[in-house]
Amino acid sequence: MKNKLFIFDIDGTLTDSVSMYLVSVTKSLQSLGITDIDTDYNNYKHHTDSYALRYNYERNFNKEVPNHLLDDFETDLVDQMHKFDPVHEIQGAKSLLEFFRIHEIPFCFATGALPKPAMLKLDQCELWYDETILATSKTHESREGFVHDAIERAKVFYQKKQFDQIISLGDGVWDLKTAQNLSLDFVGIGARNREKLIENGAKNCFNTLEEFKETLF
């Protein structure tokens, strides 16, 4: 187990934050002067904050996003999130991460969110993380990009040249497809998308994180 790497998605997998966060993204885009927003986020080419900004900005203004706007978007997203009650962990998230740390099992985070909003959600749920193993869409618009980044960050953090097995955990079909594209093993978490995940080839799906934890030893 000590030479396996587990990569955690955050929204919907560790934190119960999907609905709140999508509203925050929409309101933040509006605050930047983007009025015609495609809110069908599930059908985006990339399920990431950086893509949501670029896609909606370009379709509104027919020009490239200014370099500074991603930072402005990130800052405003945090402001928007503070207008809501703090989010809660997906049941079992905290105990699972503590279990991994106690048993020295390598794990990291890969999220389509930007860094500051991602860390705020983890902080609100009192979930342990280290910023050096948190890969986000700040540097990679595609999920494949930041999942690969998470793996490279984990190698440095855990001082490993390679891992014997890499397992991606997520709640969305996009998490599954990213794992398939990168030839990673995948574990589906939660009942919300269970049938869709199985239809798309997921072999291991668990309704809860506790249920998944029971299979580790």
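This passage goes through the cavity and the pockets of the structure. The model is predicted, so local features need pLDDT of at least 70 and side-chain atom pairs count only at pLDDT 80 or more, while totals for chains, interfaces and linings use all residues. Residues are numbered from 1 along each chain as its sequence is written, and side-chain values use heavy atoms, with hydrogens and water left out.

On a 1 Å grid over the protein atoms alone, a cavity is a set of points where a 1.4 Å probe fits but cannot get out, and a pocket is an open set with protein on both sides within 12 Å along at least five of seven lines; lining residues have an atom within 4 Å of a point. Points are joined across faces, edges and corners, and a volume is the space filled by probe spheres set on them.

One cavity of 30 Å³ or more turns up. The largest cavity holds about 80 Å³. It is lined by 13 residues, with Ala 110, Arg 143, Val 147, Ser 168 and Asp 175 closest to its centre.

As for pockets, the largest has about 410 Å³ of space. Its lining counts 21 residues, and Asp 11, Val 18, Leu 22, His 47 and Trp 174 sit closest to the centre.

The second largest pocket comes in at about 300 Å³. Here 16 residues form the lining, those closest to the centre being Asn 42, His 47, Val 173, Trp 174 and Lys 177. Helix 7 gives the most to this lining, with five residues (helices are DSSP runs of H or I, at least four residues, numbered from the N terminus).

How values were computed
Helix = DSSP H or I, 4+ residues; strand = E, 2+ residues; numbered from the N terminus.
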